[in-house]
Amino acid sequence: MTEFHLIDEIRARLGRRGNRVLIGSGDDAAVTRCDGVTVTTVDAFVEGVHFRLATTSMHDLGHKCVAAATSDIAAMGALPGEVYIALGLPEHLDSEEVLDLAEGAEALASELGFTICGGDISRSHELFIAVTATGHAGDERELVTRAGAKPGDRLGVTGALGGAAAGLVVLERKLGGLDRQTGEALLARQLRPWPLIESGRALAAAGVDAMIDVSDGIASDCTRLAERSGVLIEVELDRLPIDEGVAAVAQQAEIDPLELAAGGGEDYELMFTAQEVAASGIEKAVEETGGSVTWIGRVTEGEGVRLLGEDGVERVLRGWDHLARRPGPPAQA
């Protein structure tokens with residue numbers, strides 16, 4: 001299949017949602033209506049660094065790449081917008097595999113309300129996927145950044161942590177011994193994460209001060225919040241909501257479960273800070289989207305992050321860093 005035939009086949013699988021897109025894929029550039037403010041994020045995924053084709057189907061890979069990018073839109077509290085995907089294709093992939101990736105990306109985009117408006121295709125030695133996602137808001141005051149945390153705020157997180165990292169361990173080490181339902185849930189957390197667009201909007205409307213998605217593990221993501229806000233964040237590790245099955249996987253793999261829950265990443269939950277008076281309203285707002293909130297720490301004067309064990313002693317845990325030297329693929333994409 002030629003490049004342009006493949007692009008035509010991909011385009012035929014893409015839908016359009018909402019009335020913002022005037023010209024989608026097929027021209028020199030897409031055209032969208034401007035209304036309010038636009039949020040833009042870019043993510044890159046490289047074979048052998050972010051994923052292995054031996055453990056990830058092309059359909060799941062398309063889903064996951066869109067999920068990772070659009071999770072950043074959720075963390076800003078924005079509405080779904082457009083997605084653009086650039087592919088670097090190695091010779092060993094055939095056209096059906098590429099179309100499977102496109103179908104996985106489109107299926108999630110459709111569920112979330114995003115429109116895939118175009119992209120690019122090139123030859124590459126390794127498979128890589130670059131995803132640009134946009135979100136929208138009527139006014140910048142509707143959005144939440146990493147820079148608003150204040151001393152006295154509580155630190156909260158949605159859902160549960162560690163499931164995606166545990167799922168990666170199951171994939172990479174081919175661990176058994178888990179009941180089928182738990183094992184499948186952990187694999188889904190790793191292979192088919194779900195961006196919390198509705199929860200992000202609800203949290204923004206409920207008055208959170210700062211927010212970030214948990215992509216690199218709270219050990220790293222708290223540091224980003226603290227740096228941008230100019231504060232000290234203290235996390236009580238014994239309060240972390242840990243996903244079912246994480247402890248069992250950690251025991252089999254001889255890993256501290258906190259390394260998965262606090263350092264694993266890829267959970268794509270939302271972590272945020274808020275004033276005490278807003279706490280009950282925030283809990284209710286997230287519950288109405290089908291989620292849950294756990295308060296795991298506080299914001300104080302100072303700088304940096306303190307991860308505190310049950311005994312109050314500070315722990316050293318590291319989240320994902322793309323430039324750190326580590327064996328094997330990361331637990332973050």
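1. A nonpolar patch of about 210 Å² lies on the surface and is made by Leu22, Ile23 and Val31. Of these, isoleucine 23 belongs to strand 1, residues 21-23. Its relative accessible area is 35%, so isoleucine 23 counts as partly exposed. This, like everything below, is read from a predicted model.

2. Next, the sheet. Seven strands form an open sheet in the order 8-10-7-11-9-12-13, and the pairing is mixed. Strand 8 and strand 13 (314-315) are at the edges; each has a single partner strand, so one side of each has no neighbour in the sheet.

3. Strand 10 sits between strand 8 and strand 7 in that order. With strand 7 (residues 154-158) it pairs in the antiparallel sense over 4 bridges. With strand 8 (residues 210-213) the pairing of strand 10 is also antiparallel, over 4 bridges. Methionine 271 of strand 10 is a useful residue to look for: valine 157 stands opposite it, and methionine 271 is also the bridge partner of isoleucine 212.

4. Is strand 10 mostly covered or mostly open? Strand 10 (residues 270-274) is mostly covered, with 5 of its 5 residues buried. In a regular strand, side chains alternate between the two faces of the sheet. In strand 10, Leu270, Phe272 and Ala274 are on one side, Met271 and Thr273 are on the other, and all of them are buried.

5. The loop between helix 9 (257-263) and strand 10 contains glutamate 266. The phi angle of glutamate 266 is near 65°, a positive value in a residue other than glycine. Tyrosine 268 is in the loop between helix 9 and strand 10 as well, and its phi is also positive, about 55°, although it is not a glycine. Glutamate 266 is buried, at a relative accessible area of 1%. Tyrosine 268 is likewise buried, with a value of 1%.

6. Nonpolar side chains tend to be buried together in soluble globular proteins. Here the largest nonpolar core has 55 residues, and Ile85, Ile129 and Ile282 have the most contacts inside it. Helix 2 (residues 58-76) gives the largest share of this core, 10 residues. A second, separate core has 25 residues, including Val157, Ile212, Cys222 and Leu237.

7. What does isoleucine 282 contact, leaving aside its neighbours within four places in sequence? The contacts of isoleucine 282 are Leu203, Ala206, Val208, Phe272, Ala274, Val293 and Trp295. Two residues of this list, Phe272 and Ala274, are on one side of strand 10.

8. Side chains of opposite charge can pair when their charged atoms come close. The structure holds 22 salt bridges. One of them joins glutamate 276 and arginine 154, with the closest N and O atoms 3.2 Å apart. Glutamate 276 lies in the loop between strand 10 and helix 10 (279-287) and arginine 154 lies in strand 7, so this pair ties together parts 122 residues apart in sequence. Glutamate 276 is partly exposed at 49% relative accessible area, and arginine 154 is partly exposed at 24%.

9. Another salt bridge is formed by the side chains of glutamate 142 and arginine 201, at 3.6 Å from N to O. This pair too links distant parts of the chain, 59 residues apart: glutamate 142 is in the loop between strand 6 (128-137) and strand 7, and arginine 201 is in helix 6 (residues 197-206). Both ends are partly exposed: glutamate 142 has a relative accessible area of 32%, and arginine 201 has 26%.

10. Within helix 5 (residues 180-191), arginine 180 and glutamate 184 are 4 residues apart, about one turn of the helix. They form a salt bridge, the closest N and O atoms being 3.0 Å apart. Arginine 180 counts as exposed, at 68% relative accessibility, whereas glutamate 184 is partly exposed, at 44%. Elsewhere, salt bridges with shared partners join Glu234, Glu236, Arg239, Arg298, Arg306 and Glu314 into one network.

11. Strand 9 (residues 232-236) pairs with strand 12 (residues 304-308) in the parallel sense, over 5 bridges. In this pairing, glutamate 234 has arginine 306 of strand 12 as its bridge partner, and both residues belong to the salt-bridge network. Aspartate 238 is in the loop between strand 9 and helix 8 (246-253). Aspartate 238 is partly exposed, at 48% relative accessible area. Aspartate 238 and aspartate 311 are 73 residues apart in sequence, while their C-alpha atoms are 9.3 Å apart in space.

Terms used
Residues are numbered from 1 along each chain as its sequence is written. This is a predicted model: local features need pLDDT of at least 70, side-chain atom pairs count only at pLDDT 80 or more; totals for chains, interfaces and linings use all residues. Side-chain values use heavy atoms; hydrogens and water are left out. Buried means under 20% relative accessible area, exposed over 50%, partly exposed in between (1.4 Å probe, protein chains only). Two strands pair if DSSP finds at least two bridges between them. Patches are made of residues with over 30% relative accessible area and no salt bridge: like charges are joined within 9 Å, nonpolar side chains (Val, Leu, Ile, Met, Phe, Trp, Tyr) within 5 Å. Accessible areas come from the Shrake-Rupley method with a 1.4 Å probe; for residues, only the protein chains shown count as cover. A salt bridge is a side-chain nitrogen of Lys or Arg within 4 Å of a carboxyl oxygen of Asp or Glu. A nonpolar core is a set of buried Ala, Val, Leu, Ile, Met, Phe, Trp, Tyr and Cys residues joined through side-chain atoms within 4.5 Å. Contact means heavy atoms within 4.5 Å.
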